[in-house]
Structures are given as structure tokens and as C-alpha cells.
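Please open the structure in your viewer and keep the selection tool at hand. This tour goes from one selection to the next and says what can be found at each stop.

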Amino acid sequence: MRKLEIERKFLIKMPDEALLKKSGNIRILKISQTYTTEGSRIRRTEENGQITYIKTVKKHISDLVRLETEEEITLQE
């Protein structure tokens with residue numbers, strides 16, 4: 001998947017997890033990520049025991065915009 005990313009960052013307070021769980025309309029994901037020496041990012045996502053790996057490569061377009069390419073990869077990759 002290719003898309004343009006416009007970089008914005010926001011700081012928020014950690015939400016009350018117990019309150020969120022009571023709403024019943026949420027997904028809980030465990031996410032960890034690392035960066036390779038080539039500059040790509042590998043993101044590991046776990047939801048309900050299902051693990052997914054996504055490799056992301058970003059190409060600089062301007063100070064605020066990057067072209068982002070994502071692909072699902074295996075653990076071995």
C-alpha cells in the first residue's frame with residue numbers, strides 16, 4: 001500500500017483503560033516497532049493472539065510530507 005503521510009504529532013494523557021474496556025467498543029493491540037539500518041520500520045502488532053508484521057518504507061517529499069509504502073511480511077523476513 002502506498003500513501004502520502006503528513007507528519008503531525010499530538011501529546012495526550014494516557015486514557016483510563018478500565019473505563020475504555022467498559023465501553024465494549026474498543027480493540028486492544030500490543031504494538032512494538034524497530035528501525036533497520038536501511039531506514040525502514042518493522043512494526044509487530046498483536047491482537048487476540050494474532051501477530052502481524054508490517055514493513056514501512058518512507059520517501060521524503062517535503063519537510064511535512066513523505067511517501068509511505070507498507071507491506072505485510074513474515075517473522076522470518
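The stops below begin with the whole chain, go on to a pair of strands, and end with the salt bridges.

Before selecting anything, note that this is a predicted model, in which local features need a pLDDT of at least 70 and side-chain atom pairs count only at pLDDT 80 or more, while totals for chains, interfaces and linings use all residues. Residues are numbered from 1 along each chain as its sequence is written, and side-chain values use heavy atoms, with hydrogens and water left out.

**The whole chain**

Show the protein chain as a cartoon, and look for one helix and five strands, where helices (H or I, at least four residues) and strands (E, at least two) are DSSP runs numbered from the N terminus. Following the sequence, you will pass them in the pattern β-α-β-β-β-β. If you turn the chain along its principal axes, the C-alpha trace spans about 40 × 35 × 20 Å. The radius of gyration of the protein chain is 16 Å, whereas a compact globule of 77 residues would have one near 11 Å; this radius is taken over C-alpha atoms, and the globule rule is 2.2 Å times the number of residues to the power 0.38.

Now switch on the surface, of which the protein chain exposes about 7,000 Å², with carbon and sulfur atoms supplying 53%; such areas come from the Shrake-Rupley method with a 1.4 Å probe, and for residues only the protein chains shown count as cover. Of the 77 residues, 14% are buried, where buried means under 20% relative accessible area, exposed means over 50%, and partly exposed lies in between (1.4 Å probe, protein chains only).

**Strands 2 and 3**

Select residues 30-35 for strand 2 and residues 41-47 for strand 3. The two strands pair in the antiparallel sense over six bridges, pairing being assigned if DSSP finds at least two bridges between two strands. To see one such bridge, pick Ile31, whose partner in strand 3 is Thr45. Between the strands of this hairpin lie five residues, and Gly39 takes a positive phi near 95° there. How many of the six residues of strand 2 are buried? The count is zero, so strand 2 is hardly covered.

**The salt bridges**

A search of the whole structure finds five salt bridges, each being a side-chain nitrogen of Lys or Arg within 4 Å of a carboxyl oxygen of Asp or Glu.

Select Lys21 and Glu17 first, whose side chains meet in a salt bridge of 3.4 Å, N to O. These residues are four apart in helix 1 (residues 17-23), and therefore about one helical turn separates them. Lys21 is partly exposed at 48% relative accessibility, and Glu17 is also partly exposed, at 47%.

Next select Glu47 and Arg27, which form a salt bridge with their closest N and O atoms 2.9 Å apart. This pair links distant parts of the chain, since Glu47 is in strand 3 and Arg27 is in the loop between helix 1 and strand 2, 20 residues away. Glu47 is partly exposed at 22%, whereas Arg27 is exposed at 59%.

Then select Glu46 and Arg44, where a salt bridge brings the closest N and O atoms to 3.5 Å. Finally, select Lys3, Lys58 and Glu68, which are joined into one network by salt bridges that share partners.
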